[in-house]
Amino acid sequence: MAASGRHVGHCIQRNGRFVINNLEQLWGYRSFGWTPALRQQVVEANKESTENIVIPRKKTWSKEAVLEALASTVGRDPTAYRYQFQDDSYLSPRTSTEFKLYSVSQESGRSAAKYFINSNPKFFTKDFAEPHIPCLMPETVSLQLEEVSEEALKERISLRKVTAAVDMYDQLLQAGTAISMETTHDLLDLISLYDDRDPDMQDLGEEGKRKRVKFRQASDFVNTTWKENNNAERIFNLLPEKDTRCYSALIRGMVKHEAHGKAFSMYTDMLNNKVTADIHIYHALIIAAPNVQEKSSEKWDLIAELLTEMNQQKIRPNLTTFNCVLKSLRRCGPLARTKALQTLNEMKALGIVPSLGSYDHILSIVYKSVFSDQRNTDILQEIMSELEGRSFTCQDPCDVLFFATAMKICIGNKDLELGYKVQSLLEVGENWRLLGDPYQQSIYYGRFFTLLCLMEHIDVVLKWYKKLIPSLFYPNSQGLKDLLQALDTDSRLDLLPHIWKDICTVGHYNKSDLVEELLALMAREKHSPEVQQSFAACALDIKRVFDGDRGRSSLEWSTSSLSNITSVLLRANLTQQAWEMLQLFKSNNRVPSEQLLEDFLSVCLSNGSPQRAVDLVQLSAAFCLPETPKLAKKALAEFDLNEEQRAVLSELESAGESSD
């Protein structure tokens, strides 16, 4: 029974397949007005359907792929503060001073947290981050190995404990323990790098390496000099065999710590001992070459000699080699321009692509006297044409100086089109990262904004003004003065009250020269009643700054500031406030001008205020101004006065004439 059931099932399956195949053929050949071409397509489609489907390979995504995709959908908000300050709205800096203060505070907090984590690693053993973030985990900063061994020496070297490493090395020598050459190399590198001194522990962490906010202090420009007969030289002299790496450590350390002559003596000793130099030695010596020769031609001859020796030893130069040459050429006087362009051509001939630092050296050499004789931008034009549309990564420490140098040349030559090219290159990819630290960024954007104020239409200037401030930089007082001059040039003085609010926001309301220029522009000429009212409100706010109502030291009243505020108030018909300003002249030992008093008298006439006119003439007499009789005569002639007022003015007129 079971066998017969299987037979019936097999027959049904076979017959069903036969029926389906026949139906497919009938469907394919059935004519609904199909052409032969369509039938051929159906046949080909049937053939393709029988082919195997190829499943594509699974794509492997990085763990940060989702974050990168999300980041690509958003841009910079020009109205927001820098991202690093958005966690705490209270600590959003409004001025460059606050930016420095809050940035240093953040770095200090990170350093304190890092110190606590590293000092108590047992409390921070769990890692919840995915993917793993090494910088958030405790670092080993204390010595773990106390026995006298090479491993203990390696530990001290890795932790940059210079004194402890030297002591351990001496103990190993006294115990007769053999030390590997690789460990000796690392020890010499450590001692030479820090000039036989223990480094500042604050500079060893990642935060110290980055130095996001850098203050220019005197200590930043003072380098330690090479200590004579230090432990590096002592250990070097104790070595039975000295190889290239040993010489390299000492020569590079001597150059770093300004023992240039001694570095060349060490190099000569190395050649006499028939030891081959490496490329790092030549880089250090090329940098040191201008310091051991006085004449420009001798400096270049020494550099060329080092390059020739590199060629003889078949050491191929790289990007760093040519950048060292260009950096040294900046100190080689008049011949530097010709040699720099030759060096650039040699780089390209060897297939070495110059970095932004290379071009920065070229620009610094060619435009060294850009503000005196060389008023052309041919070289920079060629460089920008070559760099247009390219994205860069940092390959040299001087790469971060290129954009600021290029924009400086654009300002010197007042070349707005070239300035836009520099800015366009900055906006390609992530080239903005090559602006450097916040100090360098403020220099670049300050120069770019100054160029816009000098050469661009005011509407475009204001567009960039909103785009750059405060998200990218905080303008200094000179930048705001440039903006005021641009407003004056294009007759947009109606925006002065708005600019004053921005001046207060960025904390420059206490800069007397800036405030004086703003007041002078508002008081220079008469505007529409609406504009004059806004000027008057702005002038009263400035008056509060002079009075010290903002909680800080007040500005000192000058004759011009008192006169300008009074004039602005008079044009807005604020007679009472203007009269109060006149009282400040005497209390601040300042004397009003004749024109200001005449303007005040005219306002009194238009308002029909004879008593105020009498008071004005009396105030002029109190200042012992020679214009008092003239003012009294004008008031007697033009005002409708009572007997008492007329008597006072007549007395002042006669008193002035008798004194004459």
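This is a short presentation on the overall fold, the core, the salt bridges and a few local features of one protein model.

Good morning. Please keep in mind throughout that the model is predicted. I shall begin with the general picture and then move to particular residues.

The protein has 660 residues, and 41% of them count as buried. Its secondary structure consists of 31 helices and 0 strands. The exposed area of the protein is about 37,400 Å², with carbon and sulfur atoms supplying 52% of that area. As for contacts between residues at least 6 apart in sequence, 66% of these join residues at least 24 apart.

Let us turn to the interior. Which residues have the most contacts inside the largest nonpolar core? They are Phe402, Phe403, Trp500 and Ile542, in a core of 168 residues. I take Ile542 as an example. Leaving aside neighbours within four places in sequence, Ile542 is in contact with Trp500, Val515, Leu518, Leu519, Met522 and Ile565. Trp500 thus appears both in that list of contacts and among the residues with the most contacts inside the core.

Two cysteines deserve a brief mention. Cys332 is buried, with a relative accessible area of 0%, and Cys410 is likewise buried, at 0% relative accessibility. A disulfide, in general, is a covalent bond between the sulfur atoms of two cysteines. With a cut-off of 2.5 Å between cysteine sulfur atoms, the count for this model comes to 0 disulfides.

On the surface, Val66, Leu67 and Leu70 make a nonpolar patch of about 330 Å². Leu70 lies in helix 3, which covers residues 65-71. Is Leu70 buried or exposed? Its relative accessibility is 53%, and because the threshold for exposed is over 50%, Leu70 counts as exposed.

I come now to the charged pairs. The structure holds 22 salt bridges, and I shall present three of them.

In one, the side chains of Arg245 and Asp186 meet at 3.3 Å, N to O. Arg245 belongs to helix 10 (residues 244-256) and Asp186 to helix 7 (residues 181-193), so this pair ties together parts that are 59 residues apart in sequence. Arg245 is partly exposed, at 33% relative accessible area, and Asp186 is also partly exposed, at 31%.

Another salt bridge is formed by Lys262 and Glu233, whose closest N and O atoms are 3.0 Å apart. Since Lys262 sits in helix 11 (residues 260-272) and Glu233 in helix 9 (residues 231-238), the pair ties together parts that are 29 residues apart in sequence. Lys262 counts as partly exposed, at 24% relative accessibility, whereas Glu233 counts as buried, at 9%.

The remaining example joins the side chains of Glu427 and Lys467, at 3.9 Å from N to O. This pair links distant parts of the chain, 40 residues apart: Glu427 is in the loop between helix 19 (416-426) and helix 20 (438-455), and Lys467 is in helix 21 (residues 458-468). Both residues are partly exposed, Glu427 at 45% relative accessibility and Lys467 at 33%. Salt bridges can also share partners: Asp186, Asp189 and Arg245 are joined in this way into one network.

Next, a residue close to the end of my list of examples: Gln645. Gln645 is found in helix 31 (residues 643-659). Gln645 is buried, with a relative accessible area of 10%. Which residues does Gln645 touch, not counting those up to four places away in sequence? They are Pro610, Gln611, Val614 and Asp640.

Finally, the backbone. Most residues other than glycine have a negative phi, and most peptide bonds are trans. Three places in this model depart from that pattern. Ile469 and Pro470 are joined by a cis peptide bond, with omega at about 5°; Pro470 lies in the loop between helix 21 and helix 22 (477-489). Asp196, although not a glycine, has a positive phi of about 60°. Asp196 is located in the loop between helix 7 and helix 8 (206-210) and is buried, with a relative accessible area of 14%. Glu258, also a residue other than glycine, has a positive phi near 65°. Glu258 lies in the loop between helix 10 and helix 11 and is partly exposed, at 42% relative accessible area.

That concludes the presentation. Thank you for your attention.

Methods:
Residues are numbered from 1 along each chain as its sequence is written. This is a predicted model: local features need pLDDT of at least 70, side-chain atom pairs count only at pLDDT 80 or more; totals for chains, interfaces and linings use all residues. Side-chain values use heavy atoms; hydrogens and water are left out. Patches are made of residues with over 30% relative accessible area and no salt bridge: like charges are joined within 9 Å, nonpolar side chains (Val, Leu, Ile, Met, Phe, Trp, Tyr) within 5 Å. Accessible areas come from the Shrake-Rupley method with a 1.4 Å probe; for residues, only the protein chains shown count as cover. A salt bridge is a side-chain nitrogen of Lys or Arg within 4 Å of a carboxyl oxygen of Asp or Glu. Helices (H or I, at least four residues) and strands (E, at least two) are DSSP runs, numbered from the N terminus. Buried means under 20% relative accessible area, exposed over 50%, partly exposed in between (1.4 Å probe, protein chains only). A nonpolar core is a set of buried Ala, Val, Leu, Ile, Met, Phe, Trp, Tyr and Cys residues joined through side-chain atoms within 4.5 Å. Contact means heavy atoms within 4.5 Å.
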